[in-house]
Amino acid sequence: MSPEDETRHAEVLTALASTLTLFSERLSLEWTRAGVLTRASLAAAKPGAAGHARALPPATESQLPVEPLLDAWRQLVLAALTPAAQASLQLRGNVYASMLHFLGGVRKLAAASADENEVRPRSRLVAGALDVLSNSTLGDRLLETVSADAADASDAWKTVAFSLLDAVAALYASETRPNRVVLFLTHKNFFSSYVGALIRREDQALQLTLQPDPASLNALYIYEAKMAFFIRLAQRQDGADKLIENGVLDVLADCSFLNMRPSASSDAAGFADAFIPARAERFHQLLMPALDLVLALAAKIGRDNVTVWMKVARFVSQHHGVLEAVLKEAALPAHPLSMALLAEAKAASALVFYVARQRAVLDRETALAGSGHVGVTSLHLPMLALLPKLSSSRSWFQRLAPTNDVERAQALVSAALYDDEDATDVERSVFGQQASDLVDAIVQNAIAYAQAVTERPTGSSRMFRPAFAWPIEHNRESDYLPSLALLVAFVRQSLTQITRGRRARDEKLRLAQNSAEMTTADLRKLVSASPYVEVSDDLSTVQMRALASVLLTQQGRRIGRSTSVLVSTVEQALVLLWRHLSFFISVDTAEDSYGGRATGSMALPSAMERDTLRTDASISLPPLLVSLSELKLTNDEFENAATHSSFIQMLVRRIKDLVLRDTSTI
């Protein structure tokens, strides 16, 4: 072939590549649609016995031409490795985009085909796509090319390359053996290149994206794709170890752009360019991946790995101001709540909880007290301040407002999870339910944190340190520092929520077996609120009833999981209540024995106030303890129900002994 022919050939391939990308995108959408329709049809064709749960069949690939599709995947991989593609970044990038859409369709179809209890869903398409890469040299050759582009290509194609690495890593994650992407990047030293670039090249560029009128947001898009890839790798131990080994925690701690949180008024004047997100939204896009990655890594760190926990603590210290601002704004009554702020507060509170469990970190911060050092102990009060504002009432909904078109649309769609007559339309919406889930997680993190910092170290003679103030009457609750009254109110409200959740779960599962009871309007409303809204017009009434059974079962299981988590949080709250009551009421407690750590100016009750506390407790607690005594958990609803029940009843007995007879000790 002459040079002119080669040039012309490359030009034609480049022109066709964009068409291939569009075709792959459409194919991905069709797979998702086919999987949903097939699952609905199969469910409709499988009768359920009255009174028994109907088995929910997965979607099937039998109607898809699997072998031709796998051949198309093989040709896509080969296309990325042709001399023409190697010589043209634009051609190569378009092939990458086509591969991304192909793998996206494979992943969605595999998810639709899998049983909910499968840890690593496998399908013929997943297995076949994996074989194309694993059973030849194609996998390593593709990784070599894509990894190099992720490091050195132009900005737009870097984003695509990192996204493709993420998709390929997800494909390899279906294997039980170590992820081949991790092994390859380690062998070729790409890890250190990717991690080091965050400081060497990207930190300054990311700072520029936070200017009022940024020249380009390419650095932000590359960062998001890279961090999504890192988060994917961090889900498994081998990936987490390599990221930590290559210094990702140190690098993130030193990134200056993470400390450039714009003030609440910075976007008040409005920004005319509708194509560029507001500064607060841009910062959210920078902060959340960093927090999510650190949390993913923290979940893989052993409790005894002090060196690595010190690195996590350094991240908290270096970005203390941002974490503090997030926690304070979430609790500030005058500050509006957004989904972005709640997501940040959830991540920040989880991170503080993780670090506060590490005794070595707390001991080091105690040693540095007075030196100007700020760390996790400096976030003690902001963490506790979340509880009075978010845990005992739904008044925070008055501060909540959607901030973009997607959220405004979700605020108009009923979540159909709970039938609460007292709830507002926003509370019952998909938007409100998502916000409620975030708030529940924040409260759970704050209570878990409070329990962690009140733990008495094993083998230590240190005095227990309270995290809550002593009043137990609800009308004496502090506006800022939580008291025992808040714990009582939280447990009381949680019991109501547990009862409501169990009732809703049972009703969803009952309707799943009897979807014929639902009207066509209710069916369409349920399907429209589901992830399958784009195919609702293609469903017949029979298919909608079948799909409704699937969706209702999923909702019932989701409610059951949320209720189970709430039971565990109630246990933590009861432990805190018992410990604090024992500390405050015990006649052996001396006022000068309190060795407070980062608890501000909390005053301990005098002898007269302790008598008042004991009297208040004897009046306020018995109805709550009776309700707790009547709480019956079953294995159908909760894992290890007997263990949970025994633990709660043990705490009830101890609190009764303490309040009514005052014979208990810590």
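Contact here means heavy atoms within 4.5 Å. By that criterion, Ala435 touches Met339, Leu342, Trp396 and Leu400, with residues up to four places away in sequence not counted. The model is predicted. Ala435 lies in helix α21, residues 430–453. Its relative accessibility is 0%, so Ala435 counts as buried. One of its contacts, Leu342, is 93 residues away in sequence. The C-alpha atoms of Ala435 and Leu342 are 7.3 Å apart. Asp437 is found in helix α21 as well. Its relative accessible area is 28%, and Asp437 is therefore partly exposed. Asp437 and Lys346 are 91 residues apart in sequence, and 10.0 Å separates them from C-alpha to C-alpha.

The protein as a whole contains 26 helices and zero strands. It has 666 residues, of which 51% count as buried. Contacts between residues at least 6 apart in sequence were also examined. Of these, 75% join residues at least 24 apart.

In soluble globular proteins, nonpolar side chains tend to be buried together. The largest nonpolar core of this model holds 185 residues. Within that core, Leu581 and Leu621 touch the most other members. Beyond its neighbours within four places in sequence, Leu621 is in contact with Ile472, Val488, Leu577, Leu581, Ile655 and Val659. A second core, separate from the largest, has twelve residues. Among them are Ala512, Leu523, Leu547 and Leu552.

Two packed helices are described by the angle between their axes and the distance between the axes. Three pairs are reported here in those terms.

The first pair to be described is α24 with α25. Helix α24 spans residues 541–585 and packs against α25 at an angle of about 155°. The two axes are 11 Å apart. Angles over 145 degrees count as roughly antiparallel, so α24 is roughly antiparallel to α25. The crossing of the two helices is left-handed. On the α24 side, the contact is made by Val570, Leu574, Leu577, Leu581, Phe584 and Ile585. Helix α25 contributes Arg610, Leu613, Arg614, Ala617, Leu621 and Leu628. By class, the contact of α24 with α25 has ten nonpolar and two charged residues, and no polar ones. Leu581 and Leu621, which touch the most other members of the largest core, both take part in this contact.

Helix α25, residues 607–629, also packs with α22, residues 484–513. Their axes come within 11 Å and cross at roughly 35°. α22 passes α25 in a left-handed crossing. Val488, Val491, Arg492 and Leu495 of α22 form one side of the contact. Ser620, Leu621, Leu624, Ser627 and Leu628 of α25 form the other. The contact of α22 with α25 has six nonpolar, two polar and one charged residues. Leu621 and Leu628 are thus named in the contact with α22 and in the contact with α24.

Beyond α25, the chain enters a loop that leads to α26, residues 641–661. Asn640 is found in this loop. Asn640 has a positive phi of about 55°, although it is not a glycine.

The remaining pair is α6 with α9. Helix α6 covers residues 138–152 and helix α9 residues 190–208. They pack at an angle of about 15°, with axes 10 Å apart. Angles under 35 degrees count as roughly parallel, so α6 is roughly parallel to α9. α6 passes α9 in a left-handed crossing. The α6 residues in the contact are Glu144, Ser147, Ala148, Ala150 and Ala151. The α9 residues are Phe190, Ser193, Tyr194 and Arg201. The contact of α6 with α9 divides into five nonpolar, two polar and two charged residues.

Helix α8, residues 180–187, is joined to α9 by a loop that holds Asn189. Asn189 is not a glycine, yet its phi is positive, at about 65°. Phe184 is found in helix α8. With a relative accessibility of 8%, Phe184 counts as buried, because the cut-off for burial is under 20%. Leaving aside neighbours within four places in sequence, Phe184 is in contact with Asp140, Leu143, Glu144, Ser147 and Phe190. Glu144, Ser147 and Phe190 also belong to the contact of α6 with α9. Phe184 and Leu143 are 41 residues apart along the chain, and their C-alpha atoms are separated by 7.6 Å.

Definitions and conventions
Residues numbered from 1 in each chain as written. Predicted model: local features only at pLDDT ≥ 70, side-chain atom pairs only at ≥ 80, totals over all residues. Heavy atoms only, no water. Axes fitted to C-alpha atoms, helices over the stretch in contact; angles between N-to-C directions. Helix = DSSP H or I, 4+ residues; strand = E, 2+ residues; numbered from the N terminus. Parallel < 35°, antiparallel > 145°, perpendicular 65-115°, else oblique. Left-handed = near helix turned anticlockwise from the far one by under 90°. Nonpolar A, V, L, I, M, F, W, Y, C, P; charged D, E, K, R; others polar. Core = buried A, V, L, I, M, F, W, Y, C linked by side-chain atoms within 4.5 Å. Buried < 20%, exposed > 50% of the residue type's maximum accessible area, 1.4 Å probe, protein only.
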